[in-house]
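Please work through the following exercises with the sequence and the 3D view side by side. Try each task yourself before reading its solution.

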Amino acid sequence: MVDRSSTPIRVALIDDYDIVLIGLAHMFDGYSDRIVIAEIDANTPLQDEVDIALYDTFAQPEADYDDIDVLIQNPRAGRAVVYTWNFHPDLVEAAIQKGASGYLSKTLPARALVDALLAIHEGEVVVSPAPAKARPASGLDWPGRAEGLTNRESEILALITQGKSNEDVAALTFLSKNSIKSYIRSAYRKIGASSRTQAVLWGVDHGFKPDNRRIDHWRDGP
């Protein structure tokens, strides 16, 4: 049973897109007695220790890459947790084997997400059930949402704007090339692009390039 009477735990949010982190941070607005969000502006390195580093995988390398290792090994983070809608069994296994203390779904409502983080802080390893449908929790945000892009279309367009090929995107997201092409076609229709060049230029103009490289502030120890 999670002790909700204790001092609020400090949580650092890690993702390269400000709009994504701001949306995630707002999910905790009603839970300030339990969760305190650490500074998410990466213009200066985070110096304080946090209880949990929450790694949001939007347009980021998944848990089979070394970014999660950086958080697990850094003494400034008590525990590292992956926050994602990608529940490929290999990714879940990779995260837990590396030492992540949680693998949490973006479909979790705010209360369930808070409860999971508190349980992790108390020493549990928490893995969310794989969601039947990848519908993000209410309150989350992503680039292009106002233009009608789904979270998955947005993530793939963000990866393309970063210069990733379709093969790169498929490898990063654990989706098939046909699925990638389908998401790309749908995204192109919504933004009025007829070529990859047009899509990239649109992405650059609409916040699809990373704002910061936040994981770099966690490298090389404290």
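The exercises below go from the interior to the surface, and then to the backbone, the aromatic rings and the charged pairs.

The model is predicted, and for this reason local features need pLDDT of at least 70 and side-chain atom pairs count only at pLDDT 80 or more, while totals for chains, interfaces and linings use all residues. Residues are numbered from 1 along each chain as its sequence is written, and side-chain values use heavy atoms, with hydrogens and water left out.

**Exercise 1. The nonpolar cores**

Task: Find which residues have the most contacts inside the largest nonpolar core, and which helix gives the largest share of this core.

Solution: Begin with the terms: a nonpolar core is a set of buried Ala, Val, Leu, Ile, Met, Phe, Trp, Tyr and Cys residues joined through side-chain atoms within 4.5 Å, where buried means under 20% relative accessible area, exposed over 50% and partly exposed in between, with a 1.4 Å probe and protein chains only. The largest core has 50 residues, and those with the most contacts inside it are Leu24, Leu104, Leu113 and Leu117. Its largest share, seven residues, comes from helix H4, residues 110-121; helices (H or I, at least four residues) and strands (E, at least two) are DSSP runs, numbered from the N terminus. Another core, of 21 residues, lies apart from the largest one and includes Val82, Ala95, Ala100 and Trp218. Next, look at Leu24, which, if residues up to four places away in sequence are not counted, touches Leu13, Leu54, Asp56, Tyr83, Leu113 and Leu140; contact here means heavy atoms within 4.5 Å.

**Exercise 2. A residue in a strand**

Task: Decide whether isoleucine 52 is buried or exposed, and list what is in contact with isoleucine 52.

Solution: First locate isoleucine 52 in strand E3, residues 50-56. Its relative accessibility is 0%, and therefore isoleucine 52 counts as buried. Leaving aside neighbours within four places in sequence, isoleucine 52 is in contact with Ile9, Arg10, Val11, Ala12, Arg79, Val81, Leu117, Ile120 and His121. Finally, compare sequence with space: isoleucine 52 and leucine 13 are 39 residues apart along the chain, and their C-alpha atoms are separated by 8.7 Å.

**Exercise 3. Positive phi angles**

Task: Work out where alanine 59 and phenylalanine 174 lie, and what their phi values are.

Solution: Start from the general rule that most residues other than glycine have a negative phi. Alanine 59, found in the loop between E3 and H2, has a positive phi of about 50 degrees although it is not a glycine. Phenylalanine 174, in the loop between helix H6 (166-173) and helix H7 (177-191), has a positive phi near 60 degrees. As for accessibility, alanine 59 is buried, with a relative accessible area of 5%, whereas phenylalanine 174 is partly exposed, with 27%.

**Exercise 4. Aromatic pairs**

Task: State how many aromatic pairs the structure holds, and classify the pair of tyrosine 17 and phenylalanine 58.

Solution: Rings of Phe, Tyr and Trp (its six-membered ring) pair if their centres lie within 6.5 Å, and planes under 30 degrees apart count as stacked, over 60 as edge-to-face and the rest as tilted. The structure holds three such pairs. The rings of tyrosine 17 and phenylalanine 58 have centres 5.3 Å apart and planes at 90 degrees, so this pair is edge-to-face. The two residues are 41 residues apart, with tyrosine 17 in the loop between strand E1 (9-14) and helix H1 (18-26) and phenylalanine 58 in the loop between E3 and H2, and both are buried. For tryptophan 202 and phenylalanine 208, the centres are 5.5 Å apart and the planes at 50 degrees, so the pair is tilted.

**Exercise 5. Salt bridges**

Task: Find which residues arginine 34 pairs with in salt bridges.

Solution: A salt bridge is a side-chain nitrogen of Lys or Arg within 4 Å of a carboxyl oxygen of Asp or Glu, and a search of the whole structure finds six. Arginine 34 forms one with aspartate 33, the closest N and O atoms being 4.0 Å apart, and one with aspartate 115, where the closest N and O atoms are also 4.0 Å apart. Arginine 34 lies in the loop between H1 and strand E2 (35-37) and aspartate 115 in helix H4, so their pair ties together parts that are 81 residues apart in sequence.
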